[in-house]
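Grab a pencil and work through the exercises below, with the sequence and the model side by side. Try each task before you read its solution.

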Amino acid sequence: MPTRHCARTLALALLASLTAGASPATDLFDAATQAVQSRYYGWSTTDRKELGTKYAAVLAQKCAPQGDACDYTTGRTVLSDMFTELGDPHTNIRDAEGAERIAEVTFGRAVNRTGLRVVRVAGGLLVVSVMPGSPAEGAGVRRFDLLTTVNGQAAGKDAAGKNLAVGPNEFTRLERAGTPLRVTVRRAGQPDRDLTLGTASLQARDEPTLSWTGPEGKTAVIDYPTFLASDSSELFLKRVGEARDAGAKALIVDLRYNGGGSLDQCVAAASTFGPVLYKTRWQGGGYTYGGLLGEEVLPFLARAARPDRNVWPGPLAVLVGPNTASCAEVFTYYARQAGAIVVGEKTRGVGNSGVVFQPMPDGGVLSVTVLRAYTDGDQPLPDAITPEVAAPTDIGVLTTEGRDTTLEAALTALRALAGQKRPIGSAQTDPSQAPDATLGVGTPGVNRR
């Protein structure tokens with residue numbers, strides 16, 4: 001038996017070597033696997049060398065009919081399967097279009113947009129944000145409207161959960177083409193209506209937006225869509241200041257559709273509610289990020305600050321769900337440490353690690369986990385956040401009755417806590433009185449999440 005096993009292993013290795021570097025697919029596979037072998041520093045304990053050998057053989061079999069014409073798509077498919085077995089969702093491969101989308105948001109590029117951000121749900125594309133001043137806002141589209149068709153094609157998922165023709169990627173692709181989009185809009189309590197949405201040159205990134213709800217309309221809701229842009233924490237701090245100045249009695253931060261972003265941005269934003277210290281470790285080193293009063297600072301400043309030094313000391317809730325990931329999970333963890341109540345569903349589960357993006361031969365990028373995350377007390381951060389108040393977002397109720405079940409649960413929880421929280425203004429510090437902030441810089445590139 002051992003002899004047979006060795007022979008099989010040698011055969012697989014030979015099969016893999018015969019195709020190495022012989023096609024676009026193998027070029028991509030080799031570049032990605034070499035990067036993961038040399039740079040990976042996540043929590044997965046899977047043997048990466050064995051995994052690489054196994055999937056090199058899989059690739060060789062898939063490429064055999066095409067030979068040296070085996071394409072990048074085949075390589076990405078095999079890599080995706082390999083990374084699934086690795087068991088670290090933070091490590092993944094993205095094509096050239098996906099890489100372009102990341103760059104558009106990260107570098108604040110102007111692109112053709114309707115102003116909508118959508119997610120795929122049963123029955124259509126759910127609008128999760130509308131950019132102020134955009135063509136979509138001008139056409140009357142609101143957050144949590146449902147787009148059931150786009151350019152005459154069914155959108156979202158069917159009743160069985162199967163993806164229909166138009167999803168978020170297809171929607172974005174149509175926007176970038178710059179031609180008007182014909183959509184069918186469904187809103188609770190109203191008949192479906194057909195609209196034509198124009199596009200305009202807008203920033204690719206979405207900003208945090210402020211709205212009001214609750215008793216007397218005095219509960220501020222900040223929809224926080226991403227931490228990827230370099231000014232996302234600054235914009236969040238601005239929205240918090242606007243809510244405070246307008247007399248908000250409670251604050252809700254909605255992260256249900258926030259997939260993460262830059263580590264320095266989420267640390268800074270979370271420090272709006274109290275000092276933050278976030279330790280990282282990577283191969284051969286480590287760094288501690290500090291946040292205070294909504295800005296990134298040197299760690300010793302955050303460590304020396306009083307626990308109650310904050311911009312917002314009042315009642316606070318954070319809404320999360322399965323689309324809340326990575327940096328958004330980090331933000332939620334530290335907001336909870338500062339007293340926030342977390343409402344919604346369990347998050348995706350990559351909040352205890354960080355990644356870098358490495359260019360690939362096909363013009364795409366490899367997202368590879370290169371750091372592990374710890375508290376200032378050297379305890380690993382949790383990978384996922386489980387809310388204190390379980391309140392899934394019922395899409396059916398949202399689109400037929402116009403009720404946001406998660407938001408309702410948060411309002412109920414905040415009312416229950418109303419008598420236990422400090423009044424607005426106690427222990428409140430003006431950010432302008434904070435010490436000069438110096439941006440903490442770790443290993444170059446190791447702040448992307």
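**Exercise 1. Find which residues line the largest cavity, and say which helices they come from.**

Step 1: pick out the lining, which is made of Thr33, Val36, Gln37, Arg48, Leu51, Gly52, Met82, Phe83 and Leu86. A cavity here is a set of points on a 1 Å grid over the protein atoms alone where a 1.4 Å probe fits but cannot get out, and lining residues have an atom within 4 Å of a point.

Step 2: match them to elements. Two or more lining residues come from each of α2 (24-39), α3 (48-63) and α4 (72-86). Helices (H or I, at least four residues) and strands (E, at least two) are DSSP runs, numbered from the N terminus.

Step 3: sort by class. You get five nonpolar, three polar and one charged, where Ala, Val, Leu, Ile, Met, Phe, Trp, Tyr, Cys and Pro count as nonpolar, Asp, Glu, Lys and Arg as charged, and the others, Gly among them, as polar.

Step 4: add the volume. The largest cavity holds about 60 Å³ of space, and the model has two cavities of 30 Å³ or more. Grid points are joined across faces, edges and corners, and a volume is the space filled by probe spheres set on the points.

Before you go on: this is a predicted model, where local features need pLDDT of at least 70, side-chain atom pairs count only at pLDDT 80 or more, and totals for chains, interfaces and linings use all residues. Residues are numbered from 1 along each chain as its sequence is written, and side-chain values use heavy atoms, with hydrogens and water left out.

**Exercise 2. Work out where the predictor's confidence is below 50.**

Step 1: start with the whole chain. Its mean pLDDT (the predictor's confidence in each residue, from 0 to 100) is 89, and 88% of the residues reach 70 or more.

Step 2: look at residues 1-21, where pLDDT is below 50 and the stretch has 13 contacts beyond near neighbours in sequence. Contact means heavy atoms within 4.5 Å.

Step 3: do the same for residues 421-449. Here too pLDDT is below 50, with 81 contacts beyond near neighbours in sequence.

**Exercise 3. Trace the six-stranded open sheet and the helices lying across its strands.**

Step 1: write down the order, β10-β11-β12-β16-β17-β20, with mixed pairing. Two strands pair if DSSP finds at least two bridges between them.

Step 2: mark the edges. These are β10 and β20 (389-390), each pairing on one side only.

Step 3: follow two of the pairings. β10 (209-213) and β11 (219-223) are antiparallel over five bridges, with Ser211 opposite Val221. Five residues sit between these strands in their hairpin, and Gly214 has a positive phi near 80° there. β12 (250-254) runs parallel to β16 (316-320), joined by four bridges; Ile252 has Ala317 as its bridge partner.

Step 4: lay on the helices. α8 (232-245) crosses β10, β11 and β12 at about 30° to β10, whereas α11 (327-337) lies across β12, β16 and β17 (341-344) at about 155° to β16. Axes are lines fitted to C-alpha atoms, for helices over the stretch in contact, and angles run from 0 to 180 degrees between N-to-C directions.

**Exercise 4. Describe the two largest pockets.**

Step 1: know the rule. A pocket is an open set of grid points with protein on both sides within 12 Å along at least five of seven lines.

Step 2: take the largest pocket, with about 1600 Å³ of space. Of its 46 lining residues, Arg94, Arg101, Ile102, Asn169 and Gly259 are closest to the centre. Helix α7 gives the largest share, seven residues, and the classes come to 18 nonpolar, 13 polar and 15 charged.

Step 3: turn to the second largest pocket, at about 780 Å³. It has 32 lining residues, and closest to its centre are Val130, Arg142, Arg143, Phe144 and Ser211. Strand β10 gives the most, five residues. By class, the lining has 13 nonpolar, seven polar and twelve charged residues.
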